[in-house]
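Me: Could you take a close look at the second largest pocket for me? I'd like its lining first, and then whatever you have on the parts around the chain that go with it.

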Amino acid sequence: MRIDVVTIFPDYLRPLELALVGRAASRDLVDIQTHDLRAWTHDVHRTVDDSPYGGGPGMVMRPEPWDAALRDIVARDPSRRPRVVVPTPAGVPFTQSYAAELAEQDWLIFCCGRYEGIDGRVVDAWADDEISIGDYVLAGGEVATLVMVEAVTRLLPGVVGNAESIIDDSFAHGLLEGPVYTRPPVWEGRAVPEILRSGDHAAIARWRREEALRRTRRRRPELLDRIELSDADRAVVASTIVAAHGGGDDPPVTGVEDAVTAAGAAGVVEDAVTVAERGTIGDGPAPSGCASSHCS
Ligand SMILES: C[S@@+](CC[C@H](N)C(=O)[O-])C[C@H]1O[C@@H](n2cnc3c(N)ncnc32)[C@H](O)[C@@H]1O
């Protein structure tokens with residue numbers, strides 16, 4: 001894969017020379033070229049910005065240097081058409097499946113905005129994707145590009161030594177990955193879960209699935225709506241609520257097994273979760289105390 005990055009701070013992209021991405025580049029698995037946008041300016045100050053039409057604070061990146069840069073870079077390989085990515089907080093959320101889609105391309109160009117962003121006309125003319133890495137505002141597109149390039153590069157064939165580690169990653173199957181452990185077996189009085197040392201691979205796989213379900217239920221419950229769950233999965237999801245509310249001063253939750261059964265019959269996870277969180281079957285009153293899905 002070839003990746004071009006256009007920025008006014010080429011040094012910001014230096015981390016791409018390190019670690020996994022740097023090694024991938026040195027093995028010719030990815031070819032990353034960084035370009036200084038100011039190389040396509042023609043005034044003595046190498047100006048890339050101007051004040052915004054309509055007034056308001058900040059500056060906007062002018063369209064001419066961007067258009068000249070992109071034309072020039074694209075012309076260097078007329079046999080291929082790159083996919084042009086503009087990072088922006090106003091973009092479509094970047095996800096693991098988006099990373100996988102970009103990893104299928106053979107040429108990506110990232111355009112790193114600064115100030116209030118890039119003139120909308122040149123974005124309309126060139127961008128195939130406008131992508132946000134999260135609901136917060138960075139000072140520029142460089143860090144967002146680092147995030148996306150790393151997420152994409154580690155999906156390229158041969159980049160990650162053990163391809164199975166990618167298959168088991170968080171989001172690969174729609175769930176968060178559960179906790180992982182290494183030696184020693186007991187650290188500071190905390191033991192590694194016995195099952196992981198049992199050698200029973202089927203039981204270990206089951207335990208990992210259950211941990212992934214529990215963690216996803218506690219931290220990112222909305223992800224569960226997007227995947228198909230077995231009856232056994234649904235039981236784990238519902239029992240996670242019992243665990244979350246079962247200790248300390250939290251009120252006891254009743255009727256969870258009935259909730260699971262009812263939800264299983266209806267084939268709807270959300271029903272089990274909702275009923276279990278309410279703590280009763282039917283229209284009974286909600287228990288007092290924590291009902292937050294983030295409580296764990
Ligand atoms: C200060 S921001 C501009 C924010 C813009 N005024 C807005 O509110 O949408 C400057 C640049 O940082 C980058 N950026 C900031 N936050 C980002 C995010 N969450 N995801 C991707 N890029 C981001 C974009 O390249 C953007 O053009």
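Reply: Here is the pocket, followed by some residues and contacts elsewhere.

A word on the ground rules: this is a predicted model, so local features need pLDDT of at least 70 and side-chain atom pairs count only at pLDDT 80 or more, while totals for chains, interfaces and linings use all residues. Residues are numbered from 1 along each chain as its sequence is written, and side-chain values use heavy atoms, with hydrogens and water left out.

The second largest pocket comes out at about 440 Å³. A pocket here is an open set of points on a 1 Å grid over the protein atoms alone, where a 1.4 Å probe fits, with protein on both sides within 12 Å along at least five of seven lines; lining residues have an atom within 4 Å of a point. The volume is the space filled by probe spheres set on the points, with grid points joined across faces, edges and corners.

Its lining has 25 residues, and P87, T88, P89, E116 and G117 lie nearest the centre. Strand β5 (83-93) gives the most, five residues. β5, α4 (120-126), β7 and α5 each supply at least two. Helices (H or I, at least four residues) and strands (E, at least two) are DSSP runs numbered from the N terminus. By class, the lining splits into 14 nonpolar, eight polar and three charged residues. For that count, Ala, Val, Leu, Ile, Met, Phe, Trp, Tyr, Cys and Pro are nonpolar, Asp, Glu, Lys and Arg are charged, and the others, Gly among them, are polar.

Now for some loops that join these elements. F94 sits in the loop between β5 and α3 (96-103), and F94 counts as buried because its relative accessible area is 16%. The cut-offs are under 20% for buried, over 50% for exposed and partly exposed in between (1.4 Å probe, protein chains only). F94 and E130 are 36 residues apart in sequence, yet 9.5 Å apart in space, C-alpha to C-alpha. A127, in the loop between α4 and β7, is partly exposed at 22%. From A127 to V86 you count 41 residues in sequence and 6.2 Å in space, again C-alpha to C-alpha.

Next along is Y136, in the loop between β7 (129-132) and α5 (141-153). With 43% relative accessibility, Y136 is partly exposed. Y136 joins F9, Y12, L138, V143 and V147 in a nonpolar surface patch of about 500 Å². Patches take residues with over 30% relative accessible area and no salt bridge, joining like charges within 9 Å and nonpolar side chains (Val, Leu, Ile, Met, Phe, Trp, Tyr) within 5 Å. Areas come from the Shrake-Rupley method with a 1.4 Å probe, and for residues only the protein chains shown count as cover.

Past α5 there's a salt bridge to look at: D169 pairs with R154, with the closest N and O atoms 2.9 Å apart. D169 lies in the loop between α6 (163-167) and β8 (186-187) and R154 in the loop between α5 and α6, so the pair ties together parts 15 residues apart in sequence. D169 is buried at 17%, whereas R154 is partly exposed at 23%. A salt bridge means a side-chain nitrogen of Lys or Arg within 4 Å of a carboxyl oxygen of Asp or Glu, and the structure holds 19 of them.
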